[in-house]
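Hi,

Here is the structure I said I'd pass along. Have a look at it first, and then read on for what turned up.

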Amino acid sequence: MTRSPALSYTLVISGAPYTSQAPQSALAFAKALISGGHKLDRVFLYGDGVYLASSLVTPPSDEVNWTQLWSEFLMQTRTPAVACIASALRRGILDSAEQTRYEQPASNIAEPFEMAGLGDWVEATMTSSRILYFLPTD
Amino acid sequence: MHTLIVIDRLPYGDWHGREALDMAFSLAAFDRPVTLLFRGAGVNWLRPGQSADQLSQKSVERNLSAATIFGVSALLADKAALRQYRLSSDQLSQSASETDLTPAFYKQFDAVVVL
C-alpha cells in the first residue's frame with residue numbers, strides 16, 4: 001500500500017469550548033494529522049472559537065481544561081495559533097498590546113496564542129493544502 | 001481559488017453573518033475571488049426596510065452595500081429560500097441574483113465556507 005503524500009493543514013475553530021465540541025474535535029484531528037505524517041501549519045480561532053484562547057478558563061477540577069490542553073499541544077508541536085483580533089476584542093479576549101490600546105484593566109490571552117487579523121486566514125487559504133473548519137454546535 | 005461564503009442565519013440574532021461577511025471582505029481585500037450566498041433564513045439579510053436601530057444594532061444593509069465596491073464578485077440568493085420568505089429578487093435591498101442550489105452550483109467554487 002502506498003502512503004499518501006504529506007499535506008499541510010490550517011484548522012479554523014469557530015466553536016467555543018464547553019458550548020460546542022469544536023475545540024475537542026479539532027484537537028483530536030490535529031493529533032491525528034501529525035501522527036499521520038502531515039503538517040499543521042497553523043490554528044486560527046474565529047468567532048466564538050476565540051474563547052479557547054482565554055487564560056481565565058477555569059472548569060471544575062474533574063473536567064477537561066481545553067485551553068490548557070490546546071496550549072500544551074501548540075507549544076509541544078511549535079504550531080502557530082492565532083485568535084482573530086476583531087472576534088477576540090468583541091468577546092473580551094485581549095493581549096497586552098490591546099489592553100494598553102483600549103485602556104482595559106487586564107489582558108487574558110493564553111500562551112502561545114497570538115492575535116492577528118483575518119489576513120492570516122486569507123494567507124492560509126493560499127498556502128495550506130487543506131483548511132478545515134470546526135464549527136459551533138447548532 | 002474562488003471561495004463561496006455562505007450566510008444562512010437571520011441577521012441580528014447572532015454575529016455569525018457579520019463575521020462571515022468580514023471573511024468575504026478580507027478575501028476581496030487580498031484580491032481573492034469571493035462570492036456571497038444567502039440561503040435559508042439568511043435571505044432576510046436582503047430584506048428591504050430594516051430598522052436595526054430598534055435593536056440597537058447597525059443595519060446590515062449598509063455593510064452589504066459595500067460588498068461589490070470592496071471586490072466581492074457577486075451576491076447570490078437561494079431562489080427557494082426567497083420564495084419561502086416571500087421575497088422576490090426585484091424587491092431586495094441589494095442587487096443579488098437568484099440561484100438554484102444544485103450540486104453543479106457548488107462545484108463552481110474551490111472552497112465553500114459556512115460558519
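Let's start with a pair of helices in chain A: H1(A) and H2(A) run roughly parallel to each other, since angles under 35 degrees count as such and their axes cross at roughly 20°. Those axes come within 11 Å, and the crossing is left-handed. In sequence, H1(A) spans residues 22-35 and H2(A) covers 66-77. If you want to see where they meet, look at Pro23(A), Gln24(A), Leu27(A), Ala30(A) and Ile34(A) on the H1(A) side; facing them from H2(A) are Trp66(A), Leu69(A), Trp70(A), Phe73(A) and Thr77(A). Do keep in mind that this is a predicted model.

Next, the core. The largest nonpolar core has 68 residues, and the members touching the most others are Leu45(A), Ala83(A) and Ala24(B). Its largest share, six residues, is supplied by helix H1 of chain B, residues 16-29. Ala24(B) is worth clicking on: beyond its neighbours within four places in sequence, it is in contact with Ile5(B), Val34(B), Leu36(B), Ala67(B) and Val72(B).

Then there's helix H5 of chain A, residues 119-127, whose buried residues are Trp121(A), Val122(A), Ala124(A) and Thr125(A). These sit on the same side of H5(A), because they cover an arc of only 155° around the axis. The face turned away from that buried side carries the exposed residues Gly119(A), Met126(A) and Thr127(A). And what covers the buried ones? Elements of both chains: from chain A the cover includes strands E1 (8-13), E2 (39-45) and E5 (130-134), and from chain B it includes strand E1 (3-7), H1 and strand E5 (111-114).

Finally, some backbone oddities. Most residues other than glycine have a negative phi, and most peptide bonds are trans. Against that background, the peptide bond from Glu111(A) to Pro112(A) is cis, with omega near 5°. You'll find Pro112(A) in the loop between helix H4 (96-101) and strand E4 (114-116) of chain A.

Two arginines have a positive phi: Arg78(A), near 50°, and Arg86(B), near 55°. Arg78(A) is in the loop that links H2(A) to strand E3 (81-84), while Arg86(B) is in the loop between helix H3 (79-84) and strand E4 (97-99) of chain B. Are they buried or exposed? Arg78(A) counts as exposed because it has 8 C-beta neighbours inside 10 Å, and Arg86(B), also with 8, counts as exposed too.

Cheers

Terms used:
Residues are numbered from 1 along each chain as its sequence is written. Chains are lettered from A and ligands numbered from 1 in the order in which they are written. This is a predicted model: local features need pLDDT of at least 70, side-chain atom pairs count only at pLDDT 80 or more; totals for chains, interfaces and linings use all residues. A nonpolar core is a set of buried Ala, Val, Leu, Ile, Met, Phe, Trp, Tyr and Cys residues joined through C-beta atoms within 7 Å. A residue is buried if 20 or more other C-beta atoms lie within 10 Å of its own, exposed if 12 or fewer, and partly exposed in between; C-beta atoms are placed from the backbone. Helices (H or I, at least four residues) and strands (E, at least two) are DSSP runs, numbered from the N terminus. Two residues are in contact if their C-beta atoms, placed from the backbone, lie within 7 Å. The arc is that of the directions from the helix axis to the C-beta atoms. Axes are lines fitted to C-alpha atoms, for helices over the stretch in contact, and angles run from 0 to 180 degrees between N-to-C directions. Angles under 35 degrees count as roughly parallel, over 145 as roughly antiparallel, 65 to 115 as roughly perpendicular and the rest as oblique. A crossing is left-handed if the near helix is turned anticlockwise from the far one by less than a right angle, and right-handed if clockwise.
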